[in-house]
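Student: I have a model open and would like to test the labels people put on it. Could we go through them together?
Tutor: Gladly; let us take each label and check it against its rule.

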2 protein chains.
Amino acid sequence: MRTRDPKKEKTLRDKAFAMIVKEGFDGLSMQKLAKAAGVSPATIYIYYKDRDDLILRLYAYASHRMTEHTLQGFDPASSFKDGLRVQWINRAEYCLQHPLEAHFMEQVRFSPLYDRAVKLMEPGFIEAMRAFVKGAIKRGELIRVPVEVYWSIAFAPLYQLLKFHKHGKGMPATESFALDEKTMMLTLELVTKALKP
Amino acid sequence: MRTRDPKKEKTLRDKAFAMIVKEGFDGLSMQKLAKAAGVSPATIYIYYKDRDDLILRLYAYASHRMTEHTLQGFDPASSFKDGLRVQWINRAEYCLQHPLEAHFMEQVRFSPLYDRAVKLMEPGFIEAMRAFVKGAIKRGELIRVPVEVYWSIAFAPLYQLLKFHKHGKGMPATESFALDEKTMMLTLELVTKALKP
DNA sequence: TGCACATAAGTGAACATTCATTTATGATTG
DNA sequence: CAATCATAAATGAATGTTCACTTATGTGCA
């Protein structure tokens, strides 16, 4: 039996991420992708069932890497302040080191594929997050609010800052914007202040 | 001279919003749109230069309505607490009353058209926001932080809550989620706490 | 060791559709 | 009439996917 070339799979993934981010979902065509990856169109269909399957599997791949990175050095039993800081750093690192993957995931979240994509979230990740929040509340380090309120305040500001950073521009009036550690930690402090009892 | 049918323009807009939100940008085709609006494909090209122009003009339209709604009853000279509350209510109302337009705008923001779309933001809106923040800082009602930090904390959580609401689901573990006034006002209070000196 | 066989990887050309856009022509109204 | 709206029909290019086929590689048997 002929063995599969592992390089092809990676090349296909990389080119697909780049193509989707640069040209949007309508910019991704199987034939263009094949040409970019130096592969026959038919070869793509050996790896992926069809176009939707390709996109969803790319999402699963990125999602997995993202959760893996986010959990690095994170202890669900740690103090709220420490745990949140680790997560901010990890999440920011992932987005800054893999901008294409991160952007791609956001595109999927506003696409019709979203519903199918959410189901790919890893239960272990969700459980770790829940345990962390639950412990922090029990120890009186975190106010008792609905999880959605918590998440909105705890992480949405970080992702907004990263969005500003990615475009190199903040608010329309600002000339240019680049997220540095100082700014990030300042924002984290304010968020922590909001969530502390 | 023959007069243009104003109904056609509105129908085209509405059907385009619906089509893009439901099927994504690759789901929007000029021929499908024409059929949905009960119009010939060529007619679309009377109203819009090409496909990109159509999307950008839709964005300009939605953006205008959004800023208009957001400024309703908003006084840039009002107190920070009051002004922020008015904006939260206005922004939430717009998103809830025009979910298609709101979702469409987010799709554009993660598409390659983003750069061209930002330029359509209205200067008057930006100026009102700046004046509001500046005044609040001067009166000591708001901490002195970069505008991007302010915006991230002041509004990102609201939009995250609306995103949860739209999908009817909050965090993956939650069975279902619906944003009510109480939850929104609770979140607003926490955000205000974070931004107060 | 050598050699056929089985099997999966990989291919280029071709499929019917659909795409965005244009052209030639008619309809409507100032 | 003259100007603009509106259309049906048609354009070539590009789409996702499949097909018949070749190539590579591990296995079983001599």
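**Labels put to the test**

Tutor: By the salt-bridge rule, the count over all chains is 22. Keep in mind that this is a predicted model.

Student: Why is the pair Glu23(A) and Lys32(A) called a salt bridge?
Tutor: The side chains of Glu23(A) and Lys32(A) meet at 3.1 Å, N to O. The rule asks for a Lys or Arg side-chain nitrogen within 4 Å of an Asp or Glu carboxyl oxygen, so the pair qualifies.

Student: What makes Glu23(A) partly exposed?
Tutor: Its relative accessibility is 35%. Buried means under 20% and exposed means over 50%, so Glu23(A) falls in between. Lys32(A), at 36%, counts as partly exposed because of the same limits.

Student: How do you know that Arg85(A) and Asp82(A) form a salt bridge?
Tutor: Their side chains meet at 3.5 Å, N to O, and the limit is 4 Å, so the label holds. Both residues lie in helix H5 (residues 80–97) of chain A, 3 residues apart, about one turn of the helix. Arg85(A) is partly exposed at 35% relative accessibility, and Asp82(A) is partly exposed at 36%.

Student: Why does the pair Asp5(B) and Lys8(B) count as a salt bridge?
Tutor: The N to O distance is 3.7 Å. That is within 4 Å, so the pair is counted. With 30% for Asp5(B) and 31% for Lys8(B), each is partly exposed, because each value lies between 20% and 50%.

Student: What makes Arg51(A) and Asp26(B) a salt bridge between chain A and chain B?
Tutor: One side chain belongs to chain A and the other to chain B, and they meet at 3.2 Å, N to O. The cut-off is 4 Å, so the label fits. The count between chain A and chain B is 2 salt bridges. Helices H1 (6–23), H6 (99–109), H8, H9 (147–154), H10 (156–167) and H11 (181–195) of chain A each supply at least two residues of the side that touches chain B. H10(A) gives the most, with 8 residues.

Student: How do you know how much area chain A and chain B bury between them?
Tutor: The size of an interface is often given as the accessible area lost when the parts come together. For chain A and chain B that comes to about 3900 Å², 74% of it on carbon and sulfur atoms. The contact takes 46 residues from each of chain A and chain B. On the side of chain A that touches chain B, there are 25 nonpolar, 10 polar and 11 charged residues.

Student: Chain A is assigned domain 1 (1–48) and domain 2 (60–194). What makes these two domains contact partners?
Tutor: Contact means heavy atoms within 4.5 Å, and by that rule 7 residues from domain 1 of chain A and 9 residues from domain 2 of chain A take part. The two domains bury about 760 Å² between them, 83% of it on carbon and sulfur atoms. Phe17(A), Val21(A) and Phe25(A) supply 71% of the area that domain 1 buries against domain 2, more than any other three residues. The salt-bridge count between these domains is 0.

Student: Finally, why is Ala131(A) called partly exposed?
Tutor: Ala131(A), in helix H8 (residues 123–138) of chain A, has 34% relative accessibility. That value is neither under 20% nor over 50%, so partly exposed is the right label.

Definitions and conventions. Residues are numbered from 1 along each chain as its sequence is written. Chains are lettered from A and ligands numbered from 1 in the order in which they are written. This is a predicted model: local features need pLDDT of at least 70, side-chain atom pairs count only at pLDDT 80 or more; totals for chains, interfaces and linings use all residues. Side-chain values use heavy atoms; hydrogens and water are left out. Helices (H or I, at least four residues) and strands (E, at least two) are DSSP runs, numbered from the N terminus. Buried means under 20% relative accessible area, exposed over 50%, partly exposed in between (1.4 Å probe, protein chains only). Buried area is the accessible area (1.4 Å probe) that two parts lose on being put together, summed over both. Ala, Val, Leu, Ile, Met, Phe, Trp, Tyr, Cys and Pro count as nonpolar, Asp, Glu, Lys and Arg as charged, and the others, Gly among them, as polar. Domain bounds come from an automatic or database domain assignment.
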